[in-house]
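Work through the exercises below with the model open. Each task is followed by a stepwise solution.

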Amino acid sequence: MSILLCVSLIIHAGYCQVRVNKVVYAQLDSNVTLKCQADTQEEIKQITWEVKVDGTSKTFLTHRNDTGPIFQNSYGRRVRFKGDGYKDGSIQILSVTLADEGVFKCVFTTYPSGTIEGEIKLQILVLPTVRQELKQDVRTPCINMVTECLVSSAKPAAEIQWITRGVNYTSKEDIIIHTNKTMSKRSQLYMMTTPDLYDHEVLCLVSQPNIPFEYQGNITVKVTLTNIQFPPQMVEIEVLKNKDKLQLLCKSDGNPRPKYKWKRRDAERSDIIPLDTHEMTSSTLNFTDEYSDGLYICEAANDVGLNQGYIYMYQKTSSSRLRTGLLISVFSIILIATMCACYILIHRYVLVIVGGITGYISLLTSLLFAALFTIVFLSLSHHKADLLPPNQLIQTRESPLIK
């Protein structure tokens, strides 16, 4: 049921008057009631309704007390007489169209004064249909049209406002006026596209300020900017330990979703070696029992660009072996010191008699044997290394490279 915004008009003819609503608004396809009442003590012989469209007046309804309402032409078939036939000649128009917009005249024929009349201007409102479209494949960094808001067939014209939640923007509008007096509008939103704009939400707010308050209502359409394409901005490598299995997990952002390649720079050479395994394009690199020392490189790339993350891995001697080596070294030193002390005693009490040559040879042989044993053990303990658990891996990360 239409809500009417009315401005009362009183038309005087002698001591008779007609009360009507000067302006009536109705939404397209709704039913609207046009009220018309006579304020008179005279006898009402007839009520007539006319409509003026494009300067031409047509009578579509006549009501007499003896015959009731008589509907004329095809227009009258959509009209219902709602009055009492005496002082109330109100009517209802069903499913109004844009063609119904015009000036309606309500005419009372009284006796003996003659005719009195009132005019009603009917205005049809068309609420807009709104949709929003994302532009495909918007790349960074530059000013791009990221989305557009489309308002179809509004009457009166609609206004479009963008809400970007703090992000600077510009907009451009195109207007189309249709033959049925409705208006369509397209507003394009331009923004500086950066990676931070990805997944940002913007709102298209549509309103019709030039209609009665009862009909005013904003239409809001929101869209998430998932069409911003950018290269990977960060690449992180995480070390995982699953039972006896060691893994490197590579994580990155970027749109479209990046693919991964693993490489290794040998610890003793500067060459970069691609890891040609079935894991090469996966974000996870698996190790078994051993791995090679060196700089492991995860390369994340998409259609826009690439970036790299680094982690340096090497094996180091276990603390238990180092402790064992230190203990044997200390023991060797104590052994040598004991042998020296024995030599001094033997030199004083024995070698003076027997002779110093044999004693010197025995002492030197013992010293050489102890030194050789110590050197061999320390060397073995340095090169014989265990695989470290993840919390003992030595990691270094460098600034990523972007093409």
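A disulfide is a pair of cysteine sulfur atoms within 2.5 Å. The model used here is predicted.

**Exercise 1.** Determine whether Cys 250 and Cys 298 form a disulfide, and give the handedness of the link.

Solution.
1. The sulfur atoms of Cys 250 and Cys 298 are 1.9 Å apart, and the two residues form a disulfide.
2. The torsion about their S-S bond is about -100 degrees, so this disulfide is left-handed.
3. Cys 250 lies in strand E23 (residues 245-252) and Cys 298 in strand E27 (residues 294-301), so the pair ties together parts that are 48 residues apart in sequence.

**Exercise 2.** Classify Cys 250, Cys 298 and Cys 142 as buried, partly exposed or exposed.

Solution.
1. Buried means under 20% relative accessible area, and exposed means over 50%.
2. Cys 250 has 2% and is therefore buried.
3. Cys 298, at 0%, is buried.
4. Cys 142 has a relative accessibility of 34%, so Cys 142 counts as partly exposed.

**Exercise 3.** Describe the disulfide of Cys 36 and the disulfide of Cys 149, then state the pattern for the chain.

Solution.
1. Cys 36 is joined to Cys 106, with an S to S distance of 1.9 Å.
2. This pair links distant parts of the chain, strand E5 and strand E11, with the cysteines 70 residues apart.
3. Cys 149 is joined to Cys 204, also with S to S 1.9 Å.
4. Cys 149 is in strand E15 and Cys 204 in strand E19, so this pair ties together parts 55 residues apart in sequence.
5. The structure holds 3 disulfides, and with bonded cysteines counted along the chain the pattern is 1-2, 3-4, 5-6.

How values were computed. Residues are numbered from 1 along each chain as its sequence is written. This is a predicted model: local features need pLDDT of at least 70, side-chain atom pairs count only at pLDDT 80 or more; totals for chains, interfaces and linings use all residues. Side-chain values use heavy atoms; hydrogens and water are left out. Helices (H or I, at least four residues) and strands (E, at least two) are DSSP runs, numbered from the N terminus. Buried means under 20% relative accessible area, exposed over 50%, partly exposed in between (1.4 Å probe, protein chains only).
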